[in-house]
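Grab a pencil and work through these short exercises. Try each task yourself before you read its solution.

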Number of protein chains: 2
Amino acid sequence: MPSDLDLARTFREVWAELSGIGRAPDGGYLRFAWSPAEIALRDWFRAQATARGMTLTHDGNGNLFATWFPAGDGLAPGGGRATADGLLAPSGGPGGVLTGSHFDSVPHGGAFDGPLGIVSAFLAVDLLRDLGFRPERAITVAAFAEEEGSRFGLACLGSRLLTGAIDPQRAAALTDRDGLCLGDVLGAAPAGVRPDLVAGFDAYVELHVEQGRALTAPVGVASAIWPHGRWRFDVEGEGNHAGTTLMSDRRDPMLTYAFTVLAANKEARLRGAHATVGRVEVRPNATNAIPAAVRGWLDARAADEEALARLVEAVAKKATERAGRDGTAIRFTAESTTGEVRFDTGLADRLATLLGGVPILPTGAGHDAGVLSAHLPTAMLFVRNPTGVSHAPAESATDEDCAAGVRALARVLQELSRRPLVDHDEGVAGA
Amino acid sequence: MPSDLDLARTFREVWAELSGIGRAPDGGYLRFAWSPAEIALRDWFRAQATARGMTLTHDGNGNLFATWFPAGDGLAPGGGRATADGLLAPSGGPGGVLTGSHFDSVPHGGAFDGPLGIVSAFLAVDLLRDLGFRPERAITVAAFAEEEGSRFGLACLGSRLLTGAIDPQRAAALTDRDGLCLGDVLGAAPAGVRPDLVAGFDAYVELHVEQGRALTAPVGVASAIWPHGRWRFDVEGEGNHAGTTLMSDRRDPMLTYAFTVLAANKEARLRGAHATVGRVEVRPNATNAIPAAVRGWLDARAADEEALARLVEAVAKKATERAGRDGTAIRFTAESTTGEVRFDTGLADRLATLLGGVPILPTGAGHDAGVLSAHLPTAMLFVRNPTGVSHAPAESATDEDCAAGVRALARVLQELSRRPLVDHDEGVAGA
């Protein structure tokens, strides 16, 4: 068993293998799904699996799996069709416990969001082997595709396809900014739902960097993902000349937009919720023209669905009143809403206890774990983020906390691969 | 002399020849300089000149001229080099009085801003001929290039080149969105300043649609163009995750931007000035990301330069205070400022009296007349705009008011081409 110091050094060395891949001059990462950078990370994944004698499979949706089978380091039982990506995962899949995360990033994102969960999983496997541990059930490391949705616009695309949360034909038609569609980058139409594969796993545990300074211990366990949604708001005014139009004659949609931005921030603060306007489009977006129309997007999240609905209602009410004063019209349209994800409570409690009573906390961010939690007992481990920054270059975690995360994940995988679990309906906690 | 009714009908017929050219489905115009639409309008200009036996010349900067010489309908004296565009205007130019405007539009602009001044000029020539009037000095109709700056980003590009207000090498390097530069569309490097040509004219009179409901009579005379400027403001914050970042941990530049938009509006209203934020750029402009940076542009105009400076100072002070509270940084940079243009007061008074005591009023909009006014006695006639809308499809003027504009311009051209004027330093009023 390596010391904490040795484990932190090992983490640092492995982490350094990835740190140059897809890095922009600002220190942020451009690791869009199937970009050269993300493909290099997939190649790294294959090399890691091969070096450990793990079996490489994929699900036909762009998600990769590396499995450590209980029988030893052999191939997947039941065979499977070989493809350029490795073996298509055979019917029934490897079973056992699934861990992992994703490689792709938001534009100019941080280093940790995604890759930390995959790197930690391989290092946890190493820790278990160093201990002479032999799993009774398979341990599989996953690299999910397009979790951020930065290329094709839909977050958790890989896990949604795998679980049937999106129709593969709809997914195949999604296009990136260059007009390429998912089928082009996959080399084939996505395979879609693999219920045999998903149901074969007993649990999914995703380790992830914490994203908002809510975690003050090195490691924590997730309780839930806040419900969240995106609302587009369209403000229609009257395009006009910036120089000549009397202030009293204006119907300026930028004013209503600006008021809505400030109102959303204020309402969220008063309610202990989160609201952000991070995207705007202006027509015609010219310096010397009062805009004809401004379109904004409100991202809102709250502790429960009723609180979220009340937040958005309050923002829309204030914005509509302001539009009346500005002579503009505003319309809110829900583009996507996701209900609360409450992770398996029994599993979360069990893991928190197993790890010595670490904190249990919710998060405002979506994850593949949120998608998979509808299908199998799912948990998340968080590693402390001292800056609280995420999706940006300043996202961080210390080597020591990352080592603590590896050790915690190893402990969890050991626990969950040691004994058969009861059927999924009753959950892991009953085992 | 045609009746008012006949003149309005004639105007409507000629106007209809242009109304389909470069019109977008929203009713707005896409008549960017040297676009197929604007080239079609230049062809129309040549046809109008030819039909009236006027002499076509150009200045090598993209500006076209059609001259009615006092000697009759003959060619330009002194000859000139023939080019694809017609004759390069000979040294000294035609002299006499210059009128006209521009064909190019802002994106989705109105029909009247620009073309009204050119159409009215040709119809004014027709009116004078119908009266049997023979000018003692030349009357020249101009079509200036790229007045709006919508293609190469610099307003009044043609008149600036002609008068030497911009270096032709700098102008030649300006590129449009497709990467084409001015030399590409001109077919040669711009000729630059033509002092001989400019100094040869005794006066410039531009007829233009009024742009802000300030004119309640059919026709008015301009006193001045308000000083105006464009200030870019850069707000730097910290990019972060919209879902997970605590509201208290945010350094959101969109909040500072929004506050600045509202502050600019309020300060302008309180001061009887104009302020507009019509353009914004957000990095990364993603729905689920607190922006790292937001850049806005403030267009501000006021009755005098001190009032303008105080307005911008007040906005910057409030915005900077707010940035302190938001944890962001804001910086204002003047991108362009234009001092007040006060048109020749004697000429304005003389024309207002000549036209029966029409109103004299300032405008917030820039014009080629503003550029030329630094070099020769210059005046503007405005035609009433009932909607007050400009740079947008709802820009309007009635046929009757346009006919009144033609009649007023004819009266002015008759007056200014009848007798030689005194030298420019003393101004037309002394004549």
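**Exercise 1.** How many residues of chain A are in contact with residues of chain B?

*Solution.* Some ground rules come first: this is a predicted model, where local features need pLDDT of at least 70, side-chain atom pairs count only at pLDDT 80 or more, and totals for chains, interfaces and linings use all residues. Residues are numbered from 1 along each chain as its sequence is written, chains are lettered from A in the order in which they are written, and side-chain values use heavy atoms, with hydrogens and water left out.

Now look for contacts (heavy atoms within 4.5 Å). You should find 54 residues of chain A in contact with 54 residues of chain B.

**Exercise 2.** Find the salt bridges between chain A and chain B.

*Solution.* Search for a side-chain nitrogen of Lys or Arg within 4 Å of a carboxyl oxygen of Asp or Glu. The count between the two chains is 2. Asp249(B) pairs with Arg213(A) in a salt bridge, and their closest N and O atoms are 2.5 Å apart.

**Exercise 3.** Is Thr163(A) buried or exposed?

*Solution.* Start by locating Thr163(A): it sits in helix 4 (residues 157-163) of chain A, helices being DSSP runs of H or I with at least four residues, numbered from the N terminus. Next, check the relative accessible area, where buried means under 20%, exposed over 50% and partly exposed in between (1.4 Å probe, protein chains only). Thr163(A) has 8%, so it is buried. Finally, list its neighbours: leaving out residues up to four places away in sequence, Thr163(A) touches Val193(A), Val198(A), Val371(A), Leu372(A) and His375(A).

Notes. Helix = DSSP H or I, 4+ residues; strand = E, 2+ residues; numbered from the N terminus.
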